Every structure is written in C-alpha cells, then in structure tokens.
Amino acid sequence: MTDALDLIAAAEQALREDIAPGGPDARYHALLAANALAMARRALARPPQDATGDVAAIRAGAHDGNAGLHGALLAAARGRAWIADPGSLDPADQGVPQG
C-alpha cells in the first residue's frame, strides 16, 4: 500500500506545485498526476499479495519445478503490470478488474 500512498503524494505535490500555478507544462503535469492517481486506485483496489515468505526457499532451490508457486508468482507479476499500465497485458492475461 505504500507504493499507492507514494503515488497519491506525488500527484498531490504535482497538483499543488506544477498545475495550480499554470504555465506551459501544466497539461503535462496534470496528465502525470492523473496517471499516478489511476495507478494508486488500481493498487488499492487489489487485495495485498505477499510472496516474501517464499523468497529464501526459492533462492535455496526448495521450489524448483513447483508449478503452483510459478503460477502464483506469475499472477502477482501480471497484477503489478496491470497496476502500472493496464494496456501492457492482453485482456485474457489480465485476470484483474478493468478500470
């Protein structure tokens, strides 16, 4: 959730410092802030996923050939890709709510 909060804070700062005063780059900064808010919304809409418990075991080779874990990690990676850029995945691969 801290990534989402960081995005919201960055958008807030851009709105206050770059967009509110206006100027030639205001549209650019408005789009950056809108994208940051959209990413934060998508991140907060997903349930938290924590794979850190398996990291040491994976590094030790304890899960070599574990198709279930591979599927879970692939799903988590797809979820992070969807948060960052929903268009980066084919709709069939997204497996997450559209928005």
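The largest nonpolar core of this predicted model consists of 5 residues, namely Ala-11, Ala-14, Ile-19, Ala-33 and Ala-36. Two elements give two or more residues to this core, helix H1, which covers 2–19, and helix H2, which covers 26–45. Of the core residues, 3 come from H1, which gives the most. Within this group, Ala-33 touches Ala-11, Ala-14 and Ile-19, and Leu-15 as well, when residues up to four places away in sequence are not counted.

To place this core in its setting, it helps to look at the whole chain. The protein chain has 5 helices and 0 strands, so that its elements, read from the N terminus on, follow the order α-α-α-α-α. Buried residues account for 20% of the 99 residues in the protein chain. Among the contacts with a separation of 6 or more, 50% join residues that lie 24 or more positions apart.

Helix H1 can be followed from its length to its two faces. Its 18 residues should span 26 Å at 1.5 Å a residue, and because its end C-alpha atoms are 24 Å apart, the model agrees with that expectation. The buried residues in H1 are Ala-4, Ala-11, Ala-14 and Ile-19. These residues lie on the same side of H1, because they cover an arc of only 80° around the axis. In an α-helix there are 3.6 residues a turn, so residues three or four places apart point the same way. On the face of H1 turned away from its buried side are the exposed residues Thr-2, Arg-16 and Glu-17, whereas the cover over the buried residues of H1 includes H2.

Helix H2 is also the place of His-29. This residue has a relative accessible area of 19%, and because buried means under 20%, His-29 counts as buried. Leaving aside neighbours within four places in sequence, His-29 is in contact with Ala-14, Asp-18 and Ile-19. Two of these names, Ala-14 and Ile-19, also appear in the largest nonpolar core.

From H2 the path leads on to another helix. The axes of H2 and helix H4, residues 67–84, come within 8 Å and cross at roughly 150°. Because angles over 145 degrees count as roughly antiparallel, H2 is roughly antiparallel to H4. On the side of H2, the contact is made by Met-39, Arg-42 and Ala-43, and on the side of H4 by Trp-82, Ile-83 and Ala-84.

Key:
Residues are numbered from 1 along each chain as its sequence is written. This is a predicted model: local features need pLDDT of at least 70, side-chain atom pairs count only at pLDDT 80 or more; totals for chains, interfaces and linings use all residues. Side-chain values use heavy atoms; hydrogens and water are left out. A nonpolar core is a set of buried Ala, Val, Leu, Ile, Met, Phe, Trp, Tyr and Cys residues joined through side-chain atoms within 4.5 Å. Buried means under 20% relative accessible area, exposed over 50%, partly exposed in between (1.4 Å probe, protein chains only). Helices (H or I, at least four residues) and strands (E, at least two) are DSSP runs, numbered from the N terminus. Contact means heavy atoms within 4.5 Å. The expected span of a helix is 1.5 Å times one less than its number of residues. The arc is that of the directions from the helix axis to the C-beta atoms. Axes are lines fitted to C-alpha atoms, for helices over the stretch in contact, and angles run from 0 to 180 degrees between N-to-C directions. Angles under 35 degrees count as roughly parallel, over 145 as roughly antiparallel, 65 to 115 as roughly perpendicular and the rest as oblique.
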